[in-house]
Amino acid sequence: MRHQFYIPSNLQVITLPSSSPVAYCGIAVHAGTRNEKADQQGLAHFCEHLTFKGTNRRNAMRIINDIEGLGGELNAFTNKEDTVFYCAIQREHLRKAIDVLVDIVFNSIYPQAEVEKECEVVCDEIDSYEDTPAELIYDEFENLLFDGHPLGHNILGTSEQVRTYTSADAARFTQQWYRPENCVLFVTGTVPPSLLPATASQTPWHSLQPEKTTPGFKDVSGQLFVRNRQTHQAHVMLGTRAFAADDDRRWVLYLLNNILGGPCMNSRLNLSLRERHALVYTVESSMVSYSDVGLWSVYFGCDADDVKHCLQLVRRELDKLMVRPLSMGQLHAAKQQLRGQLAIASDNREQMVLDYARSFLHTGKGRTVNDVMAHIDAIKADDLQKVACQLFAPERLTTLLYK
């Protein structure tokens with residue numbers, strides 16, 4: 001059974017069942033890249049780094065040693081709509097882990113000397129990322145589809161912008177968003193009240209996020225964008241805006257995406273481009289659902305001379321899904337495969353806990369594997385065909401080519 005309760009600071013606590021001697025805990029903050037203003041690009045991610053650099057009680061070295069000195073792991077990540085700080089540790093040290101997390105998230109002081117040092121670390125991260133076209137193309141593709149909106153710039157920002165940030169910039173951003181009522185503390189297993197930062201209260205949790213409406217974006221449907229990056233191979237991405245997190249059609253796209261270009265070697269795109277024609281090493285499709293809009297895309301890397309052929313093969317697979325509904329046997333097999341993938345994924349306890357916490361942060365309720373499969377089981381073949389026709393039409397797709 002999952003429990004939720006509140007503490008007087010309005011920091012909501014959720015606990016997930018576990019009998020493991022290893023505990024996972026963390027604080028999910030409902031703020032990410034899309035909360036940045038135009039002159040703050042990369043600041044959410046930079047603040048994530050700086051949060052480990054000192055509080056009134058701990059300097060950077062002590063923050064590290066308080067967890068990792070006990071054999072635990074302390075980490076964090078930033079997304080477009082959230083930032084998560086978390087650790088894995090032996091259950092006997094859970095009190096220390098929670099104390100450290102609460103301290104760094106809500107009491108960090110962002111010393112200017114640490115800001116200046118960490119700036120170079122983040123700039124190195126940006127340089128490394130820009131040297132990896134297979135990763136860079138994903139963000140640039142989002143930039144195209146969400147042009148003019150905070151979703152349309154990458155999480156890291158630019159080196160030029162990051163080098164302008166100060167301790168005061170970090171403090172202003174986190175004072176606005178790193179507030180208890182905009183966060184969720186998550187812990188696995190039974191948690192005695194004595195381990196929590198304060199005693200229980202019944203104050204309802206709510207996010208500080210402004211009410212979101214579907215943003216307007218420049219229409220780039222049907223267009224081809226070419227970037228001369230002098231890469232060894234061509235990198236290609238095509239796709240379109242898709243469904244928001246509260247749109248039930250996203251479950252249909254979730255199954256459809258897995259059939260088309262999911263992680264298994266029998267995905268239709270992998271069978272066509274790699275196994276039958278040996279044109280690519282990597283081909284995959286992916287989807288993401290934000291609070292008010294989503295995105296679906298296909299990526300592959302190939303020899304520059306094979307781009308046209310690969311695009312034709314991708315088009316052929318998309319057309320099949322638009323024109324011909326899956327048979328009952330094909331639909332059953334697709335659902336069974338996804339069920340197995342989800343079961344295996346849920347065996348990764350760390351990722352399962354993080355996914356549940358982020359789901360709760362954004363929707364007010366966690367999502368389990370059984371919840372997901374209930375949505376998948378309800379899908380019919382004509383649902384898949386209808387969504388394919390909505391999203392996969394040639395005139396709807398935008399294409400980005402690195403050469």
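Is Thr166 buried, partly exposed or exposed? Keep that in mind while you open the model, which is a predicted one; the tour comes back to Thr166 shortly.

**The whole chain**

Begin with everything shown as a cartoon. You should find 14 helices and eleven strands. Rotate the C-alpha trace onto its principal axes and the chain spans about 60 × 50 × 40 Å. A compact globule of 403 residues would have a radius of gyration near 22 Å, and the chain agrees, because its own value is 22 Å.

Now switch on the surface. About 18,600 Å² of the chain is accessible, and carbon and sulfur atoms contribute 50% of that area. Of the 403 residues, 53% count as buried. Long-range contacts are plentiful here: among contacts with a separation of 6 or more, 81% join residues 24 or more positions apart. If you colour by charge, look for 40 positive and 49 negative side chains. The centres of these two sets lie 6 Å apart.

**Stop one: Thr166**

Select Thr166, in the loop between helix H6 (159-162) and helix H7 (167-177). Here is the reply to the opening question: Thr166 counts as partly exposed because its relative accessibility is 29%, and the range for that class runs from 20% to 50%. Next, show what surrounds Thr166. Beyond its neighbours within four places in sequence, Thr166 is in contact with Gln112 and Val115. Val115 is 51 residues away from Thr166 in sequence, yet the two C-alpha atoms are 6.6 Å apart in space.

**Stop two: an aromatic cluster**

The structure holds eight aromatic pairs. For one of them, select Phe52 and Phe85, a tilted pair with 5.8 Å centre to centre and 50° between the planes. Phe52 sits in the loop between helix H1 (43-50) and helix H2 (60-68), while Phe85 belongs to strand E5 (residues 83-90), so this pair ties together parts 33 residues apart in sequence. Phe52 is buried, with a relative accessible area of 17%. Phe85 is buried too, with a relative accessible area of 0%.

Keep Phe85 selected and add Tyr178. These two rings form an edge-to-face pair, 5.9 Å centre to centre with 70° between the planes. Tyr178 lies in the loop between H7 and strand E6 (183-188) and Phe85 in strand E5, so the pair links parts 93 residues apart in sequence. Like Phe85, Tyr178 is buried. Show the three rings together: Phe52, Phe85 and Tyr178 form one aromatic cluster.

**Stop three: helix H9**

Move on to helix H9, residues 268-276, and display the side chains of its buried residues: Leu269, Asn270, Ser272 and Leu273. What do the buried residues of H9 pack against? Add helix H8 (249-261), strand E9 (280-289), strand E10 (294-302) and helix H10 (307-323) to the view, and you have the packing partners. Then step past the end of the helix to Ala278, which follows H9 and has a positive phi, near 50°.

**Last stop: Gln12**

Finish by selecting Gln12 in strand E2 (residues 12-16). Gln12 counts as buried because its relative accessibility is 1%. To end the tour, draw a line from the C-alpha of Gln12 to that of Phe141: the two residues are 129 apart in sequence and 36 Å apart in space.

Technical notes. Residues are numbered from 1 along each chain as its sequence is written. This is a predicted model: local features need pLDDT of at least 70, side-chain atom pairs count only at pLDDT 80 or more; totals for chains, interfaces and linings use all residues. Side-chain values use heavy atoms; hydrogens and water are left out. Helices (H or I, at least four residues) and strands (E, at least two) are DSSP runs, numbered from the N terminus. The radius of gyration is taken over C-alpha atoms; the globule rule is 2.2 Å times the number of residues to the power 0.38. Buried means under 20% relative accessible area, exposed over 50%, partly exposed in between (1.4 Å probe, protein chains only). Contact means heavy atoms within 4.5 Å. Accessible areas come from the Shrake-Rupley method with a 1.4 Å probe; for residues, only the protein chains shown count as cover. Lys and Arg count as positive and Asp and Glu as negative; His and the chain ends are not counted. The place of a charge is taken as NZ of Lys, CZ of Arg, CG of Asp or CD of Glu. Rings of Phe, Tyr and Trp (its six-membered ring) pair if their centres lie within 6.5 Å; planes under 30 degrees apart count as stacked, over 60 as edge-to-face and the rest as tilted.
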